Each structure stands twice: as C-alpha cells, then as structure tokens.
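Hi everyone, thanks for coming. Today I'd like to walk you through a structure that may be new to you, so let's bring it up on the screen.

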Amino acid sequence: MAEFFLELFSEEIPAGAQEKAVNDLSSLLTTALDGLNPSNIRTFYGTRRIAITLDVDAEIPARTLSERGPRDGAPEKALAGFTRKHGVTPDDLTLENGFWVLNRDLPPVPASARIAEALPDLLWKFPWPKSMRWGNGSLFTWIRPLRRIVCLLDGALVEFDLTRDGDDAHGLRSGIQSEGHRFIAPEAFTVTSAAQWRSALTERSVIVDADERRAMIRDGVAARAAEHDALVVEDEGLVSEVAGLVEFPAPLIGKIDDAFMDLPPEVMQVSMRINQRYFALRTQDGKAAPLFAFVANLPFADQGALTIAGNERVLRARFADARHFWDLDRKTPLAERVAALDAVTFHAKLGTQGARAQRISALAGKVAQAMGLDATSITHAERAGLLSKADLTTGMVGEFPELQGVMGGYYAAHDGEAEAVARAVSEHYLPRGQADATATAPVSIAVALADRLDLLAGFFAIGETPSGSGDPYALRRAALGVIRTIRDNGLRLDLMALITEAAAGRNGETLKTLPSFIAERLRVQLRSEGARYDVLAATLAGGLDGDLVRLLARTDALSAMIQSEDGKNLLTAAKRAANILRIEDKKDGPHTGEPDASLYTQDEERALATALTAAVSDTKTALEAENFTQAMHAIASLRPVLDHFFEAVIVNAPEADIRKNRLRLLATFRTTTGLIADFSQIDG
C-alpha cells in the first residue's frame, strides 16, 4: 500500500462549509480511486485548507475488460455502431452465448497515473454550496480563491494541472509546498508526508485536526473561566463554529460593564453568540457572570490585553443596542401588542398571527380542561395563549428571532401578568430541539400543546404536509414536541379529541392522516430509544390510541410477554393460525361468526373454545382496568391449549361443515389476540 496525501489550500473557507467539504472530498476520492482499493482514510479541515490522507494500492492490476455488444444476427448498423464506438473492427469481437463480445486486455495502471487523471475533473466539479470566480479569464471556481494543491504519493509529487480547453485555471497545478499560520508563519514549507505536514503545521501554529481544535477551545475557555471562578454556558455549536474560524485557538476573558448586567441573561448570551461568537459565562450559583470568553487566532505577548480591550468596546456597543430594544419594548404592554398581530401574516391560507393567537388561546383552555386543571389555571392558559405570539412585534425579537417566547415571558412579567401566564409565554416553544427539556408547569404544558396542535391541524388541513426530507414548517418537530410533552409529563389525555378541537371544524382528506403522522413520529422516537418497532406497529394496528400513556403501557407489557417462553410460543401459534386463515379465506372465506359447539368432534376443540371464552372475558376486564400485564397473562394462558389443538386437530377436515367450524374457531382466536395487538406484525 502507498500513502496518498492531498491538501487544498485556499483563502478562508466559511466555518459551516468545511466539514461537509472534506466529507465530499473523501466520498469523491474513494469513488474515483476505487480500483486502487482506498483504505485507512483520515480527513482534516480548517479555515484555510481541507486535506485527506489514505492508503492505496501501488497500481490497478492488468485486467480483461469484457463488454457485450449486439445479439448475433442483429442489423449490421448495430454492429457497426458498436465497433465504431470502441474503435475496433468486427474481427476484434468474439461470439459468446449468442452475443458479440469485445474482450480487451488492459495493462496495469500506476496509482500516480490514475490520481493525476482523476483529480482535475474532480476539482473542477467540486460541489461547494456556493463558489466564486476570481482573477481574470478563468472559469474555474472554488468557495474562496484556491492557492495551492499539495499532492503526494509515498512522498513523491503527483503532477497534474487544472488547465482545460484553453482555460489555465489561474495556473493551478500540484506541488509540494504548503503554508503555516497566516500571521505567525506565512512562509511556504515543503511537504514530504502526511505526518510531516501535520507536524510542520503544528510548529507553525496551525492545528489541522478539527477535534483537537474543538478540545482546545472547550478546555481552554473552561480553564480561563475557572480562573475567575466562573463556568461556561455550554454551546457545542458555537465551539464547532469557532473551531472553523481559527487555526490556533487562544481563549481570552473580557469583562462586561455593570451597566448591562440587568439585561436578561438570554439577551446577553444571544447577542454575544450571534454578533461576536463570544461564549457566555455564569457564576457558580447559575447567574450571569460579568464576564465573557472569546477565542483569538493566535497567542499574544501581552496576554491579549489590547485585544481584550477592543472586544470589550465592541461588546459595549452591542449591548447598548440590546438595551435600547429592552427599554423601548417595555413601554408598550404585551397585551396591547396583540392587536398588531392582525397585520402579521402567519400563512396565506391560515390567516394572521392574530387569528392564530385567538385559536391557541381557545385551544389552550380546552387542553387545560382535559388536563383537569382548576378554573384559575384554565383562565391563565387562555390568557397565555393569547399573549404567546405578541413578542413577535417587539424590537428585541425582530433583532434576535431566537428569543421568541423568552422575551414575551419577560415582558409579561414586567406588565404584571400572573406568574403562570408569564412562564407559559416563555416556555410554550419548549422543546425547541431534541436536547431541550419539555415544559413542566401545568399552564405552560397546556399552551405548548395548543401551539403545536394548532400548527399541525392547520397545515394538514390545507395539505401542506412533509414530503421526503422536506419539512418547511417543521411539522415533524411539532409532532415530536407533542409526544415528548405528553410522555415526559405522564399526561392522560385523549389526543384524538384534542386534534378534533384543533381542527376547529376544518375538513379535508389530508387532515384525516394527522393521527397516523403522529403515530409514525412516535414509532421513530421509540425506535431511536431502542424499543422494538414491530411491537409498537402491532399495538398501533387498530389505530392511534388517543391516550399515549396507555398505549405505551400496552406496548411495554406486550414486549415483555413476547420475551417469555409462553409468549414466544403463543406468537408462533398466532402466526400459524393467521397463515391458515389467510389461505383458506381466499378459497371460501371469510370464516367469521360464532363456532357451532355441536360440530366439535374432539376434546381439543372443546378445550380451546372454553379457554377462548375465559380469555376474552379476562382480557377485556384487564384492559378496562388498564392492567395490561394481567391482560397479557390472560392471552398467554392460551398457549398450552393451542399446542394441544394444533397437535391433535386437522383444521382442514374432509367434512365441509367441520372444516368451516374449525376455521371459525381459529378466527375467534385471532379476534381474541387482536384485543391486544396484531400479532402478525411482530417479528419472530
């Protein structure tokens, strides 16, 4: 095996494009060099370079290439076209199994030749999300001007250039030189191997491993914060973004003026993150610290004093803007902003945000009633629903859309709204993402569910549903939010009834699919948690149970039952019965109706009939009491009787009336198991 190394050195690449670019490079290269069996792939990326190293065979071995042409006896034009395409004559073809076949012996291809052949086209067609042209004349594009290409095979230069059809591509050609840190070590240096390249860059203040840069940022910022007895507000997304902006992370700490410390901590954090890529800090008791952390691109002889002072000045200006919005927004009570929502379009087919606020308010009251909340809490839920979108008209949310809801909660509290109302306005967007907690306060839960159910019912009513990977209105996330809120809080609600309330009289075929959409989201979530997908599918076969807590309890009990020996055998028997019925029903079915006891000819039939009668009664009683474990025991008790039945009884008896009666007995068994789940959907 030979070591292949490629570095593409350019002007600064946007942080968000680096990881995808290096992954694309890896995928494209492994495809292009497939004949060389690429392996042991390692990638590197940073603000000015993407690079890859991998092992390849020394050559593509000699081989015979066979290509089948026209059938023997095909028109001469077909044969002539085939030979012309491949630059051969009919004498070069052989007749094999009725077809003309071209067999060509191809010589071995050195790895360097294959690499030099593949890379120009790969780089010309590289799939950057946005590319730019630079200089004069060339049509070659890159995300930012490409400056150097290092291409080595076992330390030797693989020569190629990007010239194409008279376009010199800025004179770009492969070489053996790279560059270090732009400011500390900008001089070119020679590359002899991937390991030497990495070591040389480290000496020149460039950390090429993205994970290492992230660790330096994460640990370095935490260490600097600890020096001031502070903690870092976790933000892994910001860590990754900053890692794509710097070549040599140098964490520093700055101070926040006391004049801004009365701003909401979320405002300070978002302003620092969005505008400046600063890290927010907090004190040991969880309050906002009068400090911020940032990461410079190089170490400083003065410990960064001048840089810190400059960043503090910038932050003062940013916080002054936030202060302006904070003070101005509070001059208008949140309740007075509701009317302005009538001028804000939610969706062309669903009306304004004002109309939506009214719907959420009414639905929040219905949800609160379903939760069994008292009259005061129901009133609070309706009030919070009405105010939930009012902060969309504020200057702060206009500047920082990420603060929707959060600012509404602060403004509601400032206006003297009830604590439960202010909290519900603040929390009704929870969970915003998979890592977020759900709302736990009763009024907040009611408004959070109302918000998502209105969203889902509205868009399903107008046919705007997710398709494939497209979900422009985040309906999958909304459905998952409903499921998580109900599950996390153990809510005993009739979800189907609430969907009907949310539909508010709207109809449509698409709206009818909303329950199955939510059921599918539940399947996906449980699958991600390691639950058995087939068991949930079997439980859901009869449709979505509006009480998700009850549904999941049934699923857990069924899962436990089929893990037992009796459960496994019962599942086998149920599938055997289902297979027999499926075949016989096609002949002269369906075989429904009560079996005739007078037609029983064997004790095993009578025993099964007696056991089924008892099992149906016991199962229904247990299900009504929501004692799902007992219901499973009632079904599982059929196992020995079924075993004896299948051992001793020939279902397809020669007598027509006895055969039909036995099939009805099996159908009764299938109906009995159907009280629990559709066993045919369970694997095993």
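Let's begin with the second largest cavity, which holds about 40 Å³ of space. Please keep in mind that this is a predicted model. Which residues line that second largest cavity? They are Val 233, Asp 235, Leu 238, Gln 269, Arg 273, Tyr 278, Phe 279 and Ala 280. Sorted by class, that lining comes to 5 nonpolar, 1 polar and 2 charged residues. Two elements, α7 (265-276) and β16 (279-282), each supply at least two of the lining residues.

Now, β16 gives us a nice path into a sheet. Here we have an open sheet of 4 strands, in the order β14-β16-β17-β15, and the pairing is antiparallel. At the edges sit β14 (231-232) and β15 (250-255), each pairing on one side only. As a general reminder, the strands of a sheet pair through backbone hydrogen bonds. The partner of β15 is β17 (residues 288-296), and those two strands run antiparallel over 6 bridges. If you'd like one bridge to look for, try Gly 254, whose partner in β17 is Phe 292.

Back to the empty spaces. How many cavities of 30 Å³ or more does the structure hold? There are 2. The largest cavity has about 50 Å³ of space. Its lining is made up of Gly 46, Thr 47, Arg 48, Arg 49, Val 206, Ile 207, Val 208, Arg 213, Val 246 and Glu 247. By class, the lining of the largest cavity has 4 nonpolar, 2 polar and 4 charged residues.

Thanks for listening!

Conventions. Residues numbered from 1 in each chain as written. Predicted model: local features only at pLDDT ≥ 70, side-chain atom pairs only at ≥ 80, totals over all residues. Heavy atoms only, no water. 1 Å grid on protein atoms, 1.4 Å probe; cavity = no way out; pocket = protein on both sides within 12 Å on 5 of 7 lines; lining within 4 Å. Points joined across faces, edges and corners; volume = space filled by probe spheres on them. Nonpolar A, V, L, I, M, F, W, Y, C, P; charged D, E, K, R; others polar. Pairing = 2+ DSSP bridges.
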